[in-house]
Amino acid sequence: MYLHLPFCRDRCTYCSFVTTRDESLQPATVARLVAQVRSWGHSLEHPKVDTLYLGGGTPSLLNLDELAALTEAVREAFDLSPLAEATLEANPGTVDLPWLSGARALGWDRISLGVQTLEDELLKRLGRIHDGRVALEALELARRAGFERRSGDLMVGIPGQDLSRVLEDTRRMVATGLEHMSIYLLDLDKNCPLKADVDAGRLSLPSEDEVATVFEALQIELPRLGLPPYEISNYAKPGAESRHNSRYWERRPYLGIGPSAASQLGDLRWTEAGNIPAWAEGRAGVEIVELDAAEALSEIPLLGLRMHRGVDWRALRAAAESSHLLPLVDAWEAQLAPFERGGLILRDGPIMSLSERGMLLSNGILSTFV
Ligand code: SF4
């Protein structure tokens, strides 16, 4: 289950998420989230939930009473007996020890902190509300509050960022003992202020080669620091992989609640509208798509090859055969053959996976299934 809290203290210059600074909307949005959690739990007849993720936006802007009300609603409306992970996303600039300890006491056991970089000048460029010192402090405070599972986001491709500083930031973050790191490429939405600066020539993005060099260096450095990769963008100490995200890549059903949240149950996928005031008042629409058999099948390799453990190709062929889609898999195999000859795809018995180089060039490979 995913819950979306669409509030941020300030808007980052690169952000394209559904979020607002208008905190006057927060009480009504939280009340609606609580009501929706109850209503979904009732209509799905109290189903089991094994991973929970509160993202945003900035969930750490919830006060502890609001977080308690939301947590309680989930606990009452769903069966959390198999719960394996409950993750909170947090902005390092919004947390302190009492809040983190309170959240931990409510049962949240994993925290994902948006560090992005430890360079203050770059953080300002990104419009982040914290500096590097505060980000490191937040990782430490989370540990002191009892979060044994902590993840830090690191961003690559920021104008002005260089390889040696990325590696230094990585080492400093890992030195806090965190168990998981997500590496993101800066992706500029067409309407964001940072894009306007880049388009006007005031800032320039690193070249594709420079970015690839950074990703390659991280592929070597993070395992050396004890965090091997388990997915294209994610590295973790063994056993500390994100269970919630792994369920998306395994194509397991998920329920998302909140403005812009997406859900998939069976072959139905839907996304709630991103208009926050309308969502809070219960008058926002929902876009529903029904996946056909070919789309559903193509998502197995599209998502599964993101993970280092790869895809059981024999099982995929069996699934294709039962839905009369073997010619589609044959066509994929023909398209993938050059990647395999080039060492970007590996085969180990029935398991197909991407090599390290294949992970770097995954966009080109995975477009086979789109
Ligand atoms: S904190 Fe996250 S969601 Fe909020 S504006 Fe920044 S990038 Fe967007």
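In this predicted model, helix α5 is followed by G146, a residue whose phi is positive and lies near 105°. The helix itself runs over residues 132-144, and its 13 residues reach 19 Å from the first C-alpha to the last, close to the 18 Å expected at 1.5 Å a residue. Within α5, the residues G132, V134, A135, L136, A138, L139, L141 and A142 are buried. The cover over these buried residues of α5 includes the helices α3 (97-105), α4 (120-125) and α6 (163-175), together with the strands β4 (110-116) and β5 (149-156).

The loop between β5 and α6 holds P159. This residue counts as partly exposed because 16 C-beta neighbours lie inside 10 Å of P159, whereas 20 or more would be needed for a residue to be called buried. When residues up to four places away in sequence are left aside, P159 touches R125, V198, L203, S204 and L205. In addition, P159 and L126, although 33 residues apart in sequence, are 9.4 Å apart in space, taken from C-alpha to C-alpha.

The surroundings of the ligand were examined next. The ligand is surrounded by C8, R11, C12, C15, F17, T19, G56, G57, T58, N91 and G114. Sorted by class, this shell around the ligand consists of 4 nonpolar, 6 polar and 1 charged residues.

At the level of domains, the protein chain is divided into domain 1, covering residues 2-249, and domain 2, covering residues 296-370. The C-alpha centres of domain 1 and domain 2 lie 29 Å apart, and 10 residues of domain 1 are in contact with 9 residues of domain 2. On the side of domain 1 that touches domain 2, the elements that give two or more residues are α8 (208-224), β7 (229-231) and α9 (243-249), and of the elements on this side α8 gives the most, with 4 residues. By class, the side of domain 1 that touches domain 2 has 7 nonpolar, 1 polar and 2 charged residues.

A pair of helices remains to be described. Helix α12, formed by residues 313-322, and helix α13, formed by residues 326-341, have axes that come within 7 Å of each other and cross at roughly 140°. To this contact α12 brings L316, R317, A320 and E321, while α13 brings L326, L328 and V329. The contact of α12 with α13 thus has, by class, 5 nonpolar and 2 charged residues, with no polar residues.

How values were computed
Residues numbered from 1 in each chain as written. Predicted model: local features only at pLDDT ≥ 70, side-chain atom pairs only at ≥ 80, totals over all residues. Expected span 1.5 Å × (residues − 1). Buried ≥ 20, exposed ≤ 12 C-beta atoms within 10 Å, placed from the backbone. Contact = placed C-beta atoms within 7 Å. Near = placed C-beta within 6 Å. Nonpolar A, V, L, I, M, F, W, Y, C, P; charged D, E, K, R; others polar. Axes fitted to C-alpha atoms, helices over the stretch in contact; angles between N-to-C directions. Domains from an automatic or database assignment.
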